[in-house]
Structure formats: structure tokens, C-alpha cells
Amino acid sequence: MFRTRFRTRFRTRLLAPLASVAVVAGLLAVAHPADATAPSATAPLLTAQFSQTSTWSNGYNGSYTIANAGTAASTTWVVEFDLPSGSTVTKAWNATLSQTGQHYKLANVSYNGAVKPGASTSFGFGVSGLATPTGCLLNGAACTGGPTTTSTTTTTTTTTTTTTTTPPSGPVVNVATAAELIAALGSAAPGQTIRLASGTYHGSFVTQRAGTAAEPITLTGPADAVLVNDGPAGDPPDCAAPAAGYDSGYGLWLFGAPYWNLTGFTVSDSKKGIVVDNSPHTVIDGVTVRRVDEEGIHFRRSSADSVVRDSTVTDTGLVQPGYGEGVYIGSAVSNWPCYGNTGGVDRGDRVQVLNNHLGPNVAAELIDVKEGTTGGVISGNTFDGQGVSGENSADSWVDVKGTGYTIDANKGTFTSPGTFADGYQTHNVSTTPAFASGCGNVWRNNSSDLGGVGQYAINVTSVSKCAGTPNVVYASNTVTNAVKGLTNIAVTP
């Protein structure tokens, strides 16, 4: 299957307030006694609360949530704050940005100026640099709330209150809020364990912190610790990479972060599930990925020597069915200009997919092995093909375009509904001789129930192009309910 994977998914951001880091400044006007009266019984009472929604080594995305505790709707709002020299707001969304030196104003746009009583709205912005806002004003008053009053004589008192999430330290970091998780991911150190409490975490969760072979970093939690990314937001770069003002929409994103262990928790309701970019030696163990718009788990940008085991992936491709793979290894040759970071190739070599339960309702292949990758192992998995969409040629449990894979002791079934051609397929799509694809793969001890729909358990299409390194199907493989049989090539005893 030859495909190009540049897509943008626009979903309604839930913008649920995170447990936040508030940076506010109060401004209190003291006037004549006649002016110092309580606010009108029918008046808006706005507050603005700041949070960091994602961080990386040289910047972060921030947001303000504006809530109305009054008895009348607002008509407009303007949030103002300062940043010290060295930090700069680079872009904003759901607000109009203006700047004077290091002083920033963000005003409502046409659709979010009216905030009803008891309701809230949010806007976001990207910052180059790590400093957080100070001196926050909302419509000229304290961001913590209070009416704006005017008089001919005004005495101004300015106070600043800062609450921050201290970067965690120590061998074990316990987190219970999205803000704590974002801070922990942004400062993780080799040998550290980040432990999630039960609960749902809404935010953009990305790390660029590396572990080591001797001291990997662990993110762990129970199955009811659920990561949700309500994004994406901001203009994506040409090739996906963490950037100011950009939220990828990925449930969990490792970028240049090798030697991580991910265990136990769940990723749900995001654009993609877990994306592993340029992060070799990642171990995903006992994780659940469900209800995602595109692929469930993607090893990309040469994230070699990684493992996904004892995990479950269901209900993928909810928005892009043809791109809803369960486990995706490498990148299509058409995307190597972006993700081919090893001699121009995405070399996700020696990735192991072990003892997982994939499906039902995985809309594309349950495992898609891309050209340019070699030496992986797919063993002991259970494949439930119900719900495979057939879109973009996605009509099998496993499509192998890599070379030298061992596919052993898997159990696959198919029942309607779905579009199902074969259990396993090979394809040769690379025109580069050094990276001939779909060759030298071996099938042993796999059992396949094709539901009376599938043609072959193992359909090897790369025959003439693989004369030097042929694919091998052993007689230990079995098939039931096939239209044509076990395989289209000679079986090896």
C-alpha cells in the first residue's frame, strides 16, 4: 500500500481546564466613597487562569481560561501580560495578538467574546523561551476577578501572585493532574519513574528527554489512568515536530527520547495514540490505545530496537479509516523526505510486536510494516479483523513491506462487518535496490480463520522481485474458512 500521510484533522477542542499554573497580577482601584459600591446585580465577573498545556526544551504552549462568575454575559475581553526579555509569544489561536515590547495583549475574536454566566472560554498561544506571564490584567482589572471602576481620583496598588508547578525530581514522581504530568515529562531524567494516579488527563503530552540503556525512564499507571489530547491546534510544521503554538493532537508523543518504558495506562480519544519519533529502545508494555482518529501506535523516524507487548489496540481510524493502523512501523517511501533520518530512510529496524490483542474495529491494517525496515518479529498476537475498512487498500491483518521479518504463532480471525482480502500480505514498493521491500520474511505456526471471506491466509505478491531473498511459508501454518487456501506460493515443510 503506497500512501502519503500528510493530513490535518480538525476537531472541536474540548479545552477542558487543566490543573493549572496561575501567574496573575492584581490591580485595585480605590475611588470616592460614592464610587466604591458593589458591582451591578446584573454584570459579568470575569477571571482568567493561566496553564501550560505542553512544554519542550526551549518553549511551551500556554492557555488562559476565562470564566464568568457574574450574572450577565460579557461582550468583549482583553487579557494583558508581560514576559521577560528572552521569551516571546510567537502565535496565538482563538484570540487576536498584539505586542508592545514585552507587553502582550490578546483580545477575543468574533465568536468567543460573549461568555455567559457560569460559562468559560479559552485561548492559546505559543512561547519561544521558558518564562511564564506576569502582570496579568483582564479588561484592565485583576485576572483573579473584580469589577473595573473609574473615578477622577485613583490610587493604584499593584500586587503580583505567582503559583508554579515545580519541576519534579527524585527517583519516583507521582502525578495526579495534567499540569503535573506535563511538568514531569518536560524534566524527566534517566532512571526516573513517573507514576500516574487513576483519572483522566486532558492535554498535550510530549517529551524530548532521553533515558539511557542503564537507566531508562518509565511512565507507568493503571489502566484507568487515561491520557486524552483534545487537539490539534496551531499550524503544523511541514514535518511534524514539537514547535511553539503547535499541538499535534497525539495522545503521547516521544520525540528524540530513546530508552523509555511505557506501562499500564490508557491513551484514548486523540488524533493519534502513541507516536514514537527518533526514539529507539522504547518499550510499550500492557498499554491500551482506543478510540483514536488515525493510527494507534506508530514507531517513526528510525525508532529501532523497540517493543510493543501485551497491549491492546481497538477502534482506530475514526476520522481517517485508511490511516487507522493498529501498530505502524516505519514510514512510506513517499514520506522519507520528512521521516527518513537514517541515510534518508526511516529505519525502524528490529521492532518486536509480541502477544498483543489488536482489533476489533482497527480500520486499516492491524500491523503495517513499511519499506526500509528490517529484522522485526511479530509473534504471539491475537488479530480480530472485524471492522477493517478496506480504504486505501487496507484489507488484511498484516501488510509486510519490510524485509527479514519473523511472523510466528499469531492467531487471526475475521467476522463481518469489514472488507477483508487476505490474512497476511506482502508488497514490494521500494525502487531503491538497497532497500528492496517485502522480501525474506518467514511465517511459522500461525493459525488463520478467514471467515469464509479471505482468499489466502498468506498472500505473497513479492515473488519475482525477491528471487535472491524469497519469502518462506512453512507447513506449520494452518488455515480455516479460506476461499482459496493457505498461500499462493509453495509451502516449505
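## Overview

A residue is called buried when its relative accessible area is under 20%. The structure described here is a predicted model. By the cut-off just given, Phe383 is buried, and Tyr424 is buried as well.

The chain holds two helices and 42 strands. It consists of 493 residues, of which 52% count as buried. Its accessible surface amounts to about 18800 Å², and carbon and sulfur atoms account for 53% of that area. When contacts between residues at least 6 apart in sequence are considered, 72% of them join residues at least 24 apart.

## Aromatic pairs

A pair of aromatic rings is described by the distance of the centres and the angle of the planes. The count for this model comes to 18 aromatic pairs. One of them is formed by Phe383 and Tyr424: the ring centres are 6.3 Å apart and the planes stand at 70°, over the 60 degrees required, so the pair is edge-to-face. This pair links distant parts of the chain, since Phe383 belongs to strand β32 (residues 382-384) and Tyr424 to strand β36 (residues 422-426), 41 residues apart.

Trp397 and Phe420 form another pair, with ring centres 5.3 Å apart and planes at 45°, so this pair is tilted. Here too distant parts of the chain are linked: Trp397 is in strand β33 (residues 396-400), whereas Phe420 is in the loop between β35 (411-413) and β36, and 23 residues separate them. Both Trp397 and Phe420 are buried.

Ring pairs also join Phe50, Tyr60, Tyr64, Trp77, Phe81, Tyr104, Phe123 and Phe125 into a cluster. A ring may also be met by a charge: the charged end of Arg300 sits over the ring of Tyr339, 4.3 Å from the ring centre.

## Nonpolar cores

The largest nonpolar core contains 61 residues, and those that touch the most other members are Leu181, Leu219, Leu252, Trp260, Phe265, Ile274 and Ile367. Helix α1 (residues 178-187) gives the most to this core, contributing five residues. A second, separate core has 21 residues, among them Leu46, Tyr60, Leu106 and Val127. Tyr60 is also a member of the aromatic cluster.

Leaving aside neighbours within four places in sequence, Ile367 is in contact with Val327, Ile329, Val353, Leu358, Ile378, Phe383, Trp397, Val398 and Asp399. Ile367 therefore touches Phe383 and Trp397, a ring from each of the two pairs described above.

## Two buried polar residues

Asp399 is found in strand β33, the strand that also holds Trp397. Its relative accessibility is 0%, and Asp399 therefore counts as buried. The side chain of Asp399 makes a polar contact with the side chain of His427, at 2.9 Å.

Ser268 lies in strand β20 (residues 266-268). With 1% relative accessibility, Ser268 falls under the 20% cut-off and so counts as buried. Not counting residues up to four places away in sequence, Ser268 touches Val226, Leu227, Val228, Asn229, Arg290 and Arg291. With Arg291 there is a polar contact between side chains, at 3.3 Å. Ser268 and Thr316 are 48 residues apart in sequence, and their C-alpha atoms are 9.9 Å apart in space.

Note on methods: Residues are numbered from 1 along each chain as its sequence is written. This is a predicted model: local features need pLDDT of at least 70, side-chain atom pairs count only at pLDDT 80 or more; totals for chains, interfaces and linings use all residues. Side-chain values use heavy atoms; hydrogens and water are left out. Helices (H or I, at least four residues) and strands (E, at least two) are DSSP runs, numbered from the N terminus. Buried means under 20% relative accessible area, exposed over 50%, partly exposed in between (1.4 Å probe, protein chains only). Contact means heavy atoms within 4.5 Å. Accessible areas come from the Shrake-Rupley method with a 1.4 Å probe; for residues, only the protein chains shown count as cover. Rings of Phe, Tyr and Trp (its six-membered ring) pair if their centres lie within 6.5 Å; planes under 30 degrees apart count as stacked, over 60 as edge-to-face and the rest as tilted. A charge sits over a ring if NZ of Lys or CZ of Arg is within 6 Å of the ring centre and within 35 degrees of the ring normal. A polar contact is a pair of N or O atoms within 3.5 Å; within protein, one must be able to donate a hydrogen and the other to accept it, and residues adjacent in sequence count only if both atoms are side-chain atoms. A nonpolar core is a set of buried Ala, Val, Leu, Ile, Met, Phe, Trp, Tyr and Cys residues joined through side-chain atoms within 4.5 Å.
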